[in-house]
Amino acid sequence: MELKFKLTDYRTSVHNNWCPGCGDFGILSSIQQALYELQMDPSNVLIFSGIGCSGKTPHYINTYGFHTLHGRALPYAIGAKLARPDLEVIAVVGDGDGLGIGAGHFVNAGRRNVDFTVVIYDNEVYGLTKGQAAPTLKLGVQTKSLPKPNISQAVNPILLAYASGYTFIARGYAYDTNHLKELIKQAIQHRGSAVVDVLQPCPTYNDIHTKDWYAGKGNVDPKTGKEIPRIYKLENEGYNCVITNDMSEEEISKKIAQMIIKAYEWGDRIPVGVFYRDLRFDTFEERLEKRIPNYKAYPPGKQAISNREGYPIADISKIVQSLSV
Ligand code: SF4
Ligand code: MG
């Protein structure tokens, strides 16, 4: 059967100015592959970004793209999703952009469980502004731009996402595009707020957690003398953390405890895969529809607000009022 959309339909001809070898290329390619394999109509997909190297992503994907303000991709993305719940919405954020200045938006987006996807470009530095320590850089790590080792603790994106209420939480690796593409597909297909934290080497400014380091450099097995890759896949070790309505409190607690242990694992072994999937909660849109019965059939983005001459024909104050929570 001939597919309606080709992989090239998701590409643009905009010149890409990321540094050679940047992990961002792997993320870009994984998003394009995911959209292609899901055969999503490019005209039904909206991609939002903030500021930073990740902010350029919408330039390179042939969908609707919005390069917004530093830290603000999520409120724009959520606003668009609520105006047009029939469209697919993806927000791409950097670790500094999304978990520094945008941390408040990140937390509050999780509380709502809006049906959208957040992809975090996690390179532990502010790449676009010369490599300062970003919120995911671990305590004591000294990357090449830092005059002294990092003096602050790191944010753990997996645990912050869990504490905020995201109902799908995964971690991928930018250079394993097959695996990352599958995670992004699952995140898009999940009903609710989904986060994919992507370990993304920045060859220009992060000289500690490099592609070689993730591949096992210095991680020598004392028995064999060989280097062991640091990254491993949760699903290869029988890990599964799906929470459903029919589970007891005890079963849920056990699953969450297991997830927290995995989320803290870092160093010689670094897990990637789906950490958490919670199927117990309605999406924000479903909750809205209970208050506004025709919300999905006639959402704000489909309502005419002016006539052909440009004069207002609708009083939208009632809609705005009904959306307030
Ligand atoms: Fe990639 Fe780092 Fe260059 Fe930014 S500065 S494009 S994150 S390698
Ligand atoms: Mg960064």
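The exercises below, each with a worked solution, concern salt bridges in this predicted model, which holds 17 of them.

**Exercise 1.** Determine how the two partners of the salt bridge between Lys 6 and Asp 9 are classed by accessibility.

Solution. Begin with the contact itself, in which the closest N and O atoms of Lys 6 and Asp 9 are 4.0 Å apart. Next, take the relative accessible area of Lys 6, which is 51%; because exposed means over 50%, Lys 6 counts as exposed. Finally, Asp 9 has a relative accessibility of 22% and is therefore partly exposed.

**Exercise 2.** Establish which parts of the chain are tied together by the salt bridge between Glu 124 and Lys 138, and whether each partner is buried or exposed, or in between.

Solution. The closest N and O atoms of this pair lie 3.9 Å apart. Glu 124 belongs to the loop between β4 (117-122) and β5 (125-126), whereas Lys 138 belongs to the loop between β6 (132-133) and α6 (157-164), so the bridge ties together parts 14 residues apart in sequence. As for accessibility, Glu 124 is buried at 2%, since buried means under 20%, while Lys 138, at 27%, is partly exposed.

**Exercise 3.** Locate the two partners of the salt bridge between Asp 176 and Lys 233 in the chain, and class each by accessibility.

Solution. The side chains meet with an N to O distance of 3.1 Å. Asp 176 is placed in the loop between β7 (168-173) and α7 (177-189), and Lys 233 in strand β9 (residues 231-233), so that the pair links distant parts of the chain, 57 residues apart. Asp 176 has a relative accessible area of 23% and is partly exposed; Lys 233, with 26%, is likewise partly exposed.

Notes:
Residues are numbered from 1 along each chain as its sequence is written. Chains are lettered from A and ligands numbered from 1 in the order in which they are written. This is a predicted model: local features need pLDDT of at least 70, side-chain atom pairs count only at pLDDT 80 or more; totals for chains, interfaces and linings use all residues. Side-chain values use heavy atoms; hydrogens and water are left out. Buried means under 20% relative accessible area, exposed over 50%, partly exposed in between (1.4 Å probe, protein chains only). Helices (H or I, at least four residues) and strands (E, at least two) are DSSP runs, numbered from the N terminus.
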